[in-house]
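Student: I should like to learn how to read the architecture and helix packing of a model. Could you guide me through an example?

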Amino acid sequence: MAMLDLVFSFSCFAILGWMLEVAYRSSFSRRFINPGLLKGPYLILYGAGALILMEAADLLQATTAGLAVKTLVYFAVTTGLELFSAVIAKRLFNARLWDYSDQRFHYKGHICLKFSLYWIVMAFAFEYLVVPPYQVLLGQLHPVVKGVFAGAALSFMLLDLLMTGIRTFFRMTPEEKGAADAEFRDAASPVLALPDVARLSEYPHHREKTRLDHVKEVAYISFLCGRRLSLDCGAIIRGALLHDLFFYDWLRGGPRLHGFRHHTIALNNARRITHLSKKEEDIIKKHMWPLTVVPPRYPESLVVSLVDTYCSAKDYLRLDRQGKIKKRTDGSAGQSGREKLI
Ligand SMILES: [Fe+2]
Ligand SMILES: [Fe+2]
């Protein structure tokens, strides 16, 4: 099968599989159930399963394998894929997508004999009832239609997968969140108490956000990343809070080539008001990397630089949680949940 047809088929069956699962699960629960790990209307497991089954059916036809061999292959493919997906979801995302623990002959609730038999029947139904008309349809569709559909579906899936990965990375229990917030507050408070840092609330930075809002947000998200990666969180918080320590409205004034120069201005200002470690200096100096050409020397610097880029993009694309940035109505700094921490 050509690559375009492969991607198109994967997308198609991922969506059809999602519809099948929604119908099955929702009819049992009598409410809408969105199955799977991702938010969108697709199940990667079905997309991958359909491709493997189609290839397996082709291979088996070529070898003129008997019914017993075919049954065994379909069992291995479907149950193997089900087990693989369950283990990956548990290991990487700490999620249990289904649980067969209440079924007889199950393995860790991931797979069970009854559903393995169902899958074999469905694999045969797929081969004899679904694939033939699908092949006809595939041959009739214009490549541009297939390309647009497959490209859009795959892009959504990848973005969805990325967002799910990020959510999993930051997921915390209420106790962990409380401990993290307290740790952040303790490290951030002395820096935020410095008059020059507090003065950043007087300068607009991105859209409705002041520079103080921005540095607090960058510091908090960088801190959460650093905490997960066991990095030096103290340096991350201090460096991130001081990374944009300059006192002009960069949209209306300031030095020429602000983007290439303000990290040096911020670094000099920060040196004037506090003692900086080598790592903190590097965080401030490299926060505009790759504009600064020389790459970050420490992982902490890279984290702050990436989070700074993410926060800036988010501000301009208005991708905050509510889908909109809170408008300032009283001239004071808008505060998001995480900014109310301090
Ligand atoms: Fe900056
Ligand atoms: Fe920044």
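Tutor: In this predicted model, the domain assignment divides the protein chain into domain 1, residues 3–170, and domain 2, residues 174–341. Their C-alpha centres are separated by 43 Å.

Student: How is the packing of two helices described?

Tutor: For two packed helices, one states the angle between the axes and the distance between the axes. Here, helix α8 (residues 211–228) packs with helix α12 (residues 299–317) at about 130°, and their axes are 9 Å apart. The two helices are therefore oblique to each other. The crossing in which α8 passes α12 is right-handed.

Student: Which residues in α8 and α12 meet?

Tutor: From α8, the residues are His214, Glu217, Val218, Ile221, Ser222, Cys225 and Gly226. Their counterparts in α12 are Glu300, Val303, Val304, Val307, Asp308 and Cys311. By character, the residues of this contact between α8 and α12 comprise seven nonpolar, three polar and three charged.

Student: Let us turn to burial. Is helix α11 largely enclosed by the rest of the structure or exposed?

Tutor: A residue counts as buried if 20 or more other C-beta atoms lie within 10 Å of its own. In helix α11 (residues 278–285), six of the eight residues are buried, so this helix is largely enclosed by the rest of the structure. The buried residues are Lys279, Glu280, Asp282, Ile283, Ile284 and Lys285.

Student: What covers the buried residues of α11?

Tutor: The covering elements include α9 (233–242), α10 (258–273) and α12. Helix α12 is also the helix that packs with α8.

Conventions: Residues numbered from 1 in each chain as written. Chains lettered and ligands numbered in written order. Predicted model: local features only at pLDDT ≥ 70, side-chain atom pairs only at ≥ 80, totals over all residues. Axes fitted to C-alpha atoms, helices over the stretch in contact; angles between N-to-C directions. Helix = DSSP H or I, 4+ residues; strand = E, 2+ residues; numbered from the N terminus. Parallel < 35°, antiparallel > 145°, perpendicular 65-115°, else oblique. Left-handed = near helix turned anticlockwise from the far one by under 90°. Contact = placed C-beta atoms within 7 Å. Nonpolar A, V, L, I, M, F, W, Y, C, P; charged D, E, K, R; others polar. Buried ≥ 20, exposed ≤ 12 C-beta atoms within 10 Å, placed from the backbone. Domains from an automatic or database assignment.
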